[in-house]
Amino acid sequence: MPRVSEEHLQRRRQQILDAAQLCFARKGFFDTSMQDVFAESGLSAGAVYRYFKSKNEIVAALASQTIVPVRAVLVESARADPLPTPAELIRIVAEEVIRHSGPDGVVRLAPQAWALAMINDDIGDFVHTNMHSIREVWREYADRMVAHDWLPPDTDTDAVAKTFLSLLPGFILQHLILGDVEPEAIGRGIDALMPLRARATADRE
């Protein structure tokens with residue numbers, strides 16, 4: 001009997017994850033059953049359990065993918081030449097969030113994964129790793145801002161990175177729940193806030 005190729009195994013595993021993503025995006029992690037995943041994937045229970053022993057294992061695997069496309073765009077843009085302004089970069093990232101947050105979009109899983117991360121250590125490990133990696137990209141961007149004289153040489157770029165990262169979950173939640181915030185609005189907000197340092201320095205002088 002011929003051995004199943006690694007490529008086939010990976011395709012089948014991704015087939016299960018894609019089906020689970022659709023189920024979770026529509027019904028949520030808690031209300032989705034393994035029966036839902038079997039039906040959506042078109043696979044038998046035995047076929048699915050060959051790859052994932054439980055729903056929690058599927059959730060953990062998907063938790064590592066929720067922000068992957070957004071992070072990829074952030075990395076590309078933060079390292080681009082010429083360097084985008086903060087307003088431009090935030091707008092680019094926000095537009096990518098919207099592209100992946102439709103009814104079946106993977107970004108819709110992110111808030112669910114964040115909530116589970118606080119009570120499930122396995123999922124928490126994936127979410128922690130993802131968030132930390134995104135924060136490192138923002139720190140790299142902040143370092144480039146210093147190199148471009150957009151920020152003072154003694155700027156705490158770690159603090160800047162933590163602040164930039166705080167904007168992403170806020171935009172995701174506003175977009176998914178309130179539905180009345182657009183990337184252009186976030187860009188205008190950043191543009192409005194950036195001159196504050198110059199005005200504050202002038203006031204002190």
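**Exercise 1. Place isoleucine 119 in the fold and decide whether this residue is buried or exposed.**

Start with the location: isoleucine 119 sits in the loop between helix H7 (110-117) and H8. Helices here are DSSP runs of H or I with at least four residues, numbered from the N terminus. Before going on, note that this is a predicted model, where local features need pLDDT of at least 70, side-chain atom pairs count only at pLDDT 80 or more, and totals for chains, interfaces and linings use all residues. Residues are numbered from 1 along each chain as its sequence is written, and side-chain values use heavy atoms, with hydrogens and water left out.

Now the accessibility: isoleucine 119 counts as exposed because its relative accessibility is 65% (exposed is over 50% relative accessible area, buried under 20%, partly exposed in between, with a 1.4 Å probe and protein chains only).

Last step, the company: Phe30, Met118 and Ile119 make a nonpolar surface patch of about 450 Å².

**Exercise 2. Do the same for isoleucine 16: which helix holds it, and is it buried or exposed?**

Isoleucine 16 belongs to helix H1 (residues 6-31). With 0% relative accessibility, isoleucine 16 counts as buried. For a spatial check, take serine 41: it is 25 residues from isoleucine 16 in sequence, yet the C-alpha to C-alpha distance is 5.7 Å.

**Exercise 3. Work out what lines the largest cavity.**

A cavity is a set of points on a 1 Å grid over the protein atoms alone where a 1.4 Å probe fits but cannot get out; lining residues have an atom within 4 Å of a point. Volume is the space filled by probe spheres set on the points, which are joined across faces, edges and corners.

- Size: the largest cavity takes up about 100 Å³.
- Lining: among the residues are Ala63, Trp114, Asn130, Met131 and Leu165.
- Helices: H8 (121-147) and H9 (157-178) each supply at least two lining residues, and H8 has the largest share, 4 residues.
- Class: 9 are nonpolar, 2 polar and none charged (nonpolar: Ala, Val, Leu, Ile, Met, Phe, Trp, Tyr, Cys and Pro; charged: Asp, Glu, Lys and Arg; polar: the others, Gly among them).

**Exercise 4. Which helix gives the most to the lining of the second largest pocket?**

A pocket is an open set with protein on both sides within 12 Å along at least five of seven lines. The second largest one holds about 180 Å³. Of its 15 lining residues, Ile90, Leu167, Leu168, Phe171 and Ile186 lie nearest the centre. H9 gives the most, with 7 residues.

Definitions and conventions. Patch = residues over 30% accessible without salt bridge, like charges linked within 9 Å, V, L, I, M, F, W, Y side chains within 5 Å. Areas by Shrake-Rupley, 256 points an atom, 1.4 Å probe, with all protein chains shown as cover. Salt bridge = Lys/Arg side-chain N within 4 Å of Asp/Glu carboxyl O.
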